[in-house]
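The following exercises ask the reader to derive local and global features from a set of coordinates. Each task is followed by a worked solution.

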Amino acid sequence: GQTMLRIALSVAAIASVTAATRLHAASHAKRDSDICQPRRSTLEQPMFPPASATLAHAKCDHITLAARELSSSTESRQPGAQLALGLLRERLHAFPNDASLAFRQLLKSRQRDRSETQPAFAGQWTKARTQNMDDFLGQAMGVPWMKRRIAIKAKQTQRVWLERGVVYVKISDMRGTKTHQMRPAAGVVRGRGFMELPCERQVQWAKDGSIVMTERYEQALGGEEHGEPCTGDACPLVRSIRSVEDGEMIVETQRKLPSGEMVRMKTFFAPVKPTKDAAGS
């Protein structure tokens, strides 16, 4: 009789511990879900790109995974539920404590980006006149005469703005509309420049607020060797400087020829005054 009583008490104790563990796990899972849910709903706003959302979701995803594993171990009434609870607690504590700080810093950076100061050349501009374009395109870039004539006379508008450290230039002319990006923080990158030719590009801010773009091409431009492959310093280096002077945006493009002569051209843009319809929209 005493043996049966001990067995009954042991079974009751085990059932009590199992029930308490399951209740404890359920309360933790609900609490973690409540904590994470507001963060998720906030981060699903379209103003955040996927990379930012991934950073902020990391801790909640970690907690959710732990809660699911804990619920699975307790619902199946495995005898190792208490051990699982301890291991999952360790996993949660192992998560970097500065995750919340990183998320707050991300939010602050987004707020700064939305209110960042625009450069002097930001706005909408229309081509007003050019200076030395014919000589530059012929000597420095190897453009045929007919195309040079068309380029000089062609109309063009540009809309320029700064967004999250990137300068966007939206160009509209007879060829259509295309948006270019200038990334000062990117260092040297490969891309395509004049006439879609491959080049290595670097963009930098100057102390006076202008922006300087340097492009190193992989083939000779102009002269008898036009179009021939080149290497190193023998390849043409073209530099453009975008600034504002006396209310006009000026894009100066320059290149040092193999002879040592420096050739330049300038394109002057006048500001486009917003129309009544544009102002009201």
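**Exercise 1: Surroundings of Gln124**

Leaving aside neighbours within four places in sequence, Gln124 is in contact (heavy atoms within 4.5 Å) with Gln158, Arg159, Ala270, Pro271 and Val272. The model is a predicted one, in which local features need pLDDT of at least 70 and side-chain atom pairs count only at pLDDT 80 or more, whereas totals for chains, interfaces and linings use all residues. Residues are numbered from 1 along each chain as its sequence is written, and side-chain values use heavy atoms, with hydrogens and water left out.

Task: Determine in which strand Gln124 lies, and classify its accessibility.

Solution. Step one: assign the element. Gln124 lies in strand E1, residues 123-131; helices (H or I, at least four residues) and strands (E, at least two) are DSSP runs, numbered from the N terminus.
Step two: apply the accessibility classes, in which buried means under 20% relative accessible area, exposed over 50%, and partly exposed in between (1.4 Å probe, protein chains only). Gln124 is partly exposed because its relative accessible area is 41%.
Step three: examine the distance to a residue remote in sequence. Gln124 and Lys273 are 149 residues apart along the chain, and their C-alpha atoms are separated by 8.1 Å.

**Exercise 2: Surroundings of Ala140**

Task: State where Ala140 is found, and decide whether Ala140 is buried or exposed.

Solution. Step one: Ala140 is found in the loop between helix H5 (133-139) and helix H6 (145-153).
Step two: with a relative accessible area of 0%, Ala140 is therefore buried.
Step three: leaving out residues up to four places away in sequence, Ala140 touches Asp135, Leu221, Arg255, Leu257 and Val263. Ala140 and Ala220, 80 residues apart in sequence, have a C-alpha to C-alpha distance of 9.5 Å.

**Exercise 3: Two hairpins**

Task: Describe how strand E6 pairs with E5 and with E7.

Solution. Step one: apply the pairing criterion, by which two strands pair if DSSP finds at least two bridges between them. E5 (residues 189-192) and E6 (residues 198-205) pair in the antiparallel sense over four bridges, and Arg192 stands opposite Pro198 in E6.
Step two: treat E7 (residues 211-217) likewise. E6 and E7 are antiparallel and pair over seven bridges, with Gln204 opposite Val212 in E7.
Step three: inspect the turns. Five residues separate E5 and E6 in their hairpin, and five residues lie between E6 and E7 in theirs, where Gly209 in the turn has a positive phi of about 95 degrees.
Step four: check a residue within E6 by number. Cys199 has 0% relative accessibility and so counts as buried.

**Exercise 4: Positive phi outside glycine**

Task: Explain what is notable about phi of Met195 and of Asp246.

Solution. Step one: recall the background. Most residues other than glycine have a negative phi, and most peptide bonds are trans.
Step two: Met195, in the loop between E5 and E6, has a positive phi near 55 degrees. Met195 counts as exposed because its relative accessible area is 53%.
Step three: Asp246 also is not a glycine, and its phi is positive at about 55 degrees. Asp246 lies in the loop between strand E8 (237-245) and strand E9 (248-256), and its relative accessible area of 74% is why it is classed as exposed.

**Exercise 5: The disulfide**

Task: Determine which cysteines a disulfide joins, and give the handedness of the link.

Solution. Step one: apply the criterion, a pair of cysteine sulfur atoms within 2.5 Å. The count comes to one disulfide.
Step two: Cys230 is joined to Cys235, with an S to S distance of 2.3 Å.
Step three: the angle about the S-S bond is 120 degrees, and the link is right-handed. Both Cys230 and Cys235 are buried.

**Exercise 6: The protein as a whole**

Task: State how many helices and strands the protein has, and what share of its residues counts as buried.

Solution. Step one: the protein has seven helices and 10 strands.
Step two: of its 281 residues, 32% count as buried.
Step three: among contacts with a separation of 6 or more, 47% come from residues 24 or more positions apart.
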